[in-house]
Amino acid sequence: MAEIVLFSVVFLLLDQGSKNLAELGAAGRSVRIGPFLRIRCVAHSITSLNASRKQILLPLLWLIALASAIALYRSGRWFQSPSALFGLALALSGAAGNLIDLLWREHVLNFLDLGWWPVFNLADVGILAGLALAFWPRG
């Protein structure tokens, strides 16, 4: 279990560090990296919630997701394999990364631009890849 917590912390730090680097290196401009990737900072905010509701509602939703995952793990039905646990840790770390953005930056910073897909960040990759890994059918 300690490995999973360490993995989560490392991924969260990688997400936040990459966003800080993107802000420093590409704020207000676009930087091309190879033929398929641009670094372009795009801020996405939740305008339908006021600041005080964001500070209460969003962490509460994250805690509900965490509690649900723990309940499923303890039920013996899901998340019993190491790959499922790492997938869950990756998804929750990604969600925590975007939650930190919303609470501190007041927007989610997306910066990876493939041109043919909406701009995203490492937290988004973690959420999608983690959920796919966590729920991947096992034999």
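## A strand on the inside

Let's start with strand β3: six of its six residues are buried, so β3 is largely enclosed by the rest of the structure. Keep in mind that this is a predicted model.

## The chain as a whole

Stepping back, the chain contains four helices and three strands. If you walk along the sequence, you meet them in the pattern α-β-β-α-α-β-α. The C-alpha atoms fill a box of roughly 50 × 40 × 25 Å, taken along the principal axes.

How much of the chain is buried? Of the 139 residues, 35% are. As for who touches whom, take the contacts between residues at least 6 apart in sequence: 69% of these join residues at least 24 apart.

## The sheet

Now for the strands. The three of them form an open sheet in the order β1-β2-β3, and the pairing is antiparallel. β1 (30-33) and β3 (108-113) are the edge strands; each has a single partner strand, so one side of each is left without a neighbour in the sheet. From one strand to the next, the twist averages 30°.

In general, strands of a sheet pair through backbone hydrogen bonds, in either a parallel or an antiparallel way. Here, strand β2 (residues 37-44) runs antiparallel to β3, and five bridges link the pair. Which residue of β3 stands opposite R38? That would be D113. Further along, V42 stands opposite N110 in β3.

## Helix α3, packed on the sheet

Helix α3 (residues 82-105) packs on the sheet, where it touches β2 and β3. The direction of α3 makes about 125° with that of β3. With 24 residues, α3 reaches 34 Å from its first C-alpha to its last, close to the 34 Å expected at 1.5 Å a residue.

Is α3 mostly covered or mostly open? Mostly covered, since 17 of its 24 residues are buried. Just after the helix comes E106, which takes a positive phi of about 70°.

## Helix α1 and its many partners

Helix α1 (residues 2-26) has 25 residues, which should span 36 Å at 1.5 Å a residue; the end C-alpha atoms are 36 Å apart, so the two values agree. Just after α1, G28 takes a positive phi of about 80°.

Which residues of α1 are buried? They are I4, S8, F11, D15, Q16, S18, K19, A22 and A26. What do these buried residues pack against? The list takes in the strands β1, β2 and β3, along with helices α3 and α4 (122-135).

## The largest pocket

Finally, there is some open space to look at. Rolling a probe the size of a water molecule over the atoms shows where empty space is left. The largest pocket holds about 450 Å³ of space.

The lining of this pocket is made of 18 residues, and I4, S8, L66, A89 and L92 lie nearest its centre. Three helices each give two or more residues to the lining: α1, α2 (51-75) and α3. I4 and S8 have turned up before, as they are also among the buried residues of α1.

How values were computed:
Residues are numbered from 1 along each chain as its sequence is written. This is a predicted model: local features need pLDDT of at least 70, side-chain atom pairs count only at pLDDT 80 or more; totals for chains, interfaces and linings use all residues. Side-chain values use heavy atoms; hydrogens and water are left out. Two strands pair if DSSP finds at least two bridges between them. Axes are lines fitted to C-alpha atoms, for helices over the stretch in contact, and angles run from 0 to 180 degrees between N-to-C directions. Contact means heavy atoms within 4.5 Å. The expected span of a helix is 1.5 Å times one less than its number of residues. Buried means under 20% relative accessible area, exposed over 50%, partly exposed in between (1.4 Å probe, protein chains only). On a 1 Å grid over the protein atoms alone, a cavity is a set of points where a 1.4 Å probe fits but cannot get out, and a pocket is an open set with protein on both sides within 12 Å along at least five of seven lines; lining residues have an atom within 4 Å of a point. Grid points are joined across faces, edges and corners, and a volume is the space filled by probe spheres set on the points.
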